[in-house]
Amino acid sequence: MTQLVKCTNMNSDAQLHIPNHINFACTGCGHCCFSWPVPLTEEDVRRIGGLAGSDSFRRLSSTDAKLSAYTHTLEKNAQGECQFLTREKRCRLHEQYGRDAKPAMCKLFPYTFTPTPSGVYASISFASTGALFNSGSPLSEQRSLLEEQWQLFQKLMPAEPANWHELQIVDGTPLAWRHYVEELEPRLLEIFDPRRTTGSDSFMRACQSASRFIIAQVPSGFDPERQLTEARPKIVDQILLAALLRFLYPGDIFSSLPDDMPAREIGTLLVMPPNKVALSYYGQEISLSALLDQRLNDSPALDELLKRYVYCRIFSKLYFGPGYNGLSLLAGLHHLLTAVAIARLIFKHQNCLKLSVSDQTTVAAELIRTLERRLTVARLSRQSAAMLEVLLTSPTRMERVLSMVA
C-alpha cells in the first residue's frame with residue numbers, strides 16, 4: 001500500500017512512507033493565493049522585502065505551537081488575493097526570482113507529513129486543486145522532492161512530536177501502535193483503495209465495511225450504544241448532524257470562525273431535546289425526509305473524490321489520536337465518515353445529479369476543499385472531544401447516518 005523510502009538525511013533514520021495511486025502537480029489555478037494570509041518566517045520577510053520592496057507584512061501574534069516558526073503574515077490586497085499573484089494566476093516572485101524566493105509555506109504547500117513511531121507518512125492537502133483532481137505524477141515518483149519537503153516541514157513545524165503510544169480503540173480501551181499499523185490500518189486502506197471501482201453505492205458500502213470492521217475489534221464488555229441523554233436516537237442523530245454541518249460547512253470559511261464546536265450548546269440540546277432539529281446550509285433548510293427519497297446510486301464525480309480523500313486521511317493518520325484532537329480510533333473513524341456523509345448530504349440537497357458531470361465535479365471539489373480546511377484548523381476542547389466520543393461510537397447511529405445519505 002505504501003512506497004517506503006530510506007532517507008539518510010531524516011531525523012532518527014526514519015522511513016518516509018509514500019501512498020501509492022495518489023498523484024499531484026500544481027495546476028496553476030492560483031486558488032491557494034486567495035483570501036487567507038500567508039505566515040512568514042523572519043527569513044521570508046527579509047528576503048521578500050529585499051527582492052520586491054514589499055512592506056505588506058503584519059506582525060503575527062499566536063500562541064499556537066505550530067506557528068512558532070513564523071513571525072509575520074503576508075497580507076492580501078483589497079481583492080483578497082496575494083499581492084504577488086499576476087493576472088495569469090502566477091506567482092510574480094517565482095517568475096522573476098525563482099521558486100526559492102517564495103515564502104517557505106508556499107513552497108511546502110500542499111505536501112503534509114505525519115511523524116510516527118513507524119516513520120513519516122507523506123500526503124497532500126485537499127485544499128489544493130491539484131490534489132482534488134489527482135493531477136500530475138504519482139507521489140511515489142516524487143521521492144527526492146518529498147525528502148526535500150520533509151526537511152522544510154521540520155523547520156516550519158517544530159512542535160513537540162506526538163505520542164502515538166497512548167492510542168485508544170474506544171474511550172478507555174488502549175490500542176497498541178503496532179497492532180494498529182500492522183493489522184488494522186492495512187484493512188482500512190484496502191477498503192478505500194482508490195483503484196477500486198466507485199459508483200453504484202460502492203463508496204457507501206466501503207464506509208459501512210470500515211465501520212463494521214473497527215466495531216468488530218472492540219473488546220467485549222464495551223457498550224457502544226451507551227447514551228447520556230433520554231432523547232430519541234434519531235433526534236440525537238439530527239443534533240449531531242446539525243452541529244457538524246454548521247461547524248464543517250460555515251457560510252464563509254475565510255471569516256474569523258471558532259476552531260471548536262459549541263459543546264455547551266449541543267449539550268443543552270441533548271438534555272432538553274427539541275421535537276425537531278433544523279439543518280441548514282447557506283441559510284436554506286435541509287429537509288432530511290425529502291432527501292431520503294433521493295438516491296445517489298451513481299455519483300462517480302463525488303464518490304471517486306471522497307474515496308481518495310478518506311484514503312489519504314487514513315494513510316496520513318489525520319483522523320484520530322494525535323492526528324485529530326485525541327479521538328479514539330472508533331470515534332475518529334466515525335467522525336471522518338460522518339464528515340464525508342455530510343458532503344453527500346449537501347450534494348443531495350443541491351440536487352447535483354441534475355448538473356453536468358463537469359459541474360458535479362466542481363461542486364464535489366469545493367465541498368472537499370472546504371472540509372479539508374475546516375478539519376485542518378479544528379482544535380476541539382476536551383468537552384467537545386468527549387461529546388463526540390459518546391455520540392460517534394454508536395454502530396446503529398453510523399448505520400443510520402450512512403443510509404440517510406446513500
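The exercises below work through a predicted model of one chain, each with a solution in steps.

Residues are numbered from 1 along each chain as its sequence is written. Because the model is predicted, local features need pLDDT of at least 70 and side-chain atom pairs count only at pLDDT 80 or more, while totals for chains, interfaces and linings use all residues; side-chain values use heavy atoms, with hydrogens and water left out.

**Exercise 1. The whole chain**

Task: State how many helices and strands the chain has, and what percentage of its residues is buried.

Solution: Begin with the secondary structure, which comes to 15 helices and 13 strands. Here helices (H or I, at least four residues) and strands (E, at least two) are DSSP runs, numbered from the N terminus. Next take burial: of the 406 residues, 52% are buried. Buried means under 20% relative accessible area, exposed over 50%, and partly exposed in between (1.4 Å probe, protein chains only).

**Exercise 2. A three-stranded sheet**

Task: Give the strand order of the open sheet that contains β4, β5 and β6, and name its edge strands.

Solution: The order is β4-β6-β5, with antiparallel pairing. Two strands pair if DSSP finds at least two bridges between them. The edges are β4 and β5 (57-59), since each pairs on one side only. From one strand to the next, the twist averages 35 degrees. Between β5 and β6 (residues 72-74) there are three bridges, and Arg59 has His72 as its bridge partner in β6. Finally, helix α1 (residues 42-52) lies across β4, β5 and β6, at about 100 degrees to β4. Such angles run from 0 to 180 degrees between N-to-C directions, and the axes are lines fitted to C-alpha atoms, for helices over the stretch in contact.

**Exercise 3. A hairpin**

Task: Describe how β7 and β8 pair, and find the partner of Tyr111.

Solution: Strands β7 (residues 111-116) and β8 (residues 119-124) are antiparallel, over six bridges. Two residues lie between the strands of this hairpin. Tyr111 is bridged to Ile124 in β8.

**Exercise 4. The length of α5**

Task: Check the span of helix α5 against its number of residues.

Solution: The expected span is 1.5 Å times one less than the number of residues. For the 14 residues of α5 (residues 143-156) this should be 20 Å, and the end C-alpha atoms are 20 Å apart, so the two agree. Buried residues in α5 include Leu146, Trp150 and Phe153.

**Exercise 5. Two helices that cross**

Task: Classify the crossing of α8 and α12, and list the residues that meet.

Solution: The axes of α8 (residues 233-248) and α12 (residues 329-349) come within 10 Å and cross at roughly 80 degrees. Therefore α8 is roughly perpendicular to α12. Angles under 35 degrees count as roughly parallel, over 145 as roughly antiparallel, 65 to 115 as roughly perpendicular and the rest as oblique. From α8, Leu241, Leu244, Leu245 and Leu248 meet His335, Thr338, Ala339, Ile342 and Ile346 of α12. Contact means heavy atoms within 4.5 Å.

**Exercise 6. Thr27 and Gln360**

Task: For Thr27 and Gln360, decide whether each is buried, exposed or partly exposed.

Solution: Thr27 sits in the loop between β3 (23-24) and β4 (38-40). Its relative accessible area is 38%, so Thr27 is partly exposed. Beyond four places in sequence, Thr27 touches Thr129, Gly130 and Ser135. Gln360 belongs to helix α13 (residues 357-377). With a relative accessible area of 8%, Gln360 is buried. Outside its neighbours within four places, the contacts of Gln360 are Ala301, Phe347, Cys352, Leu353 and Leu355.
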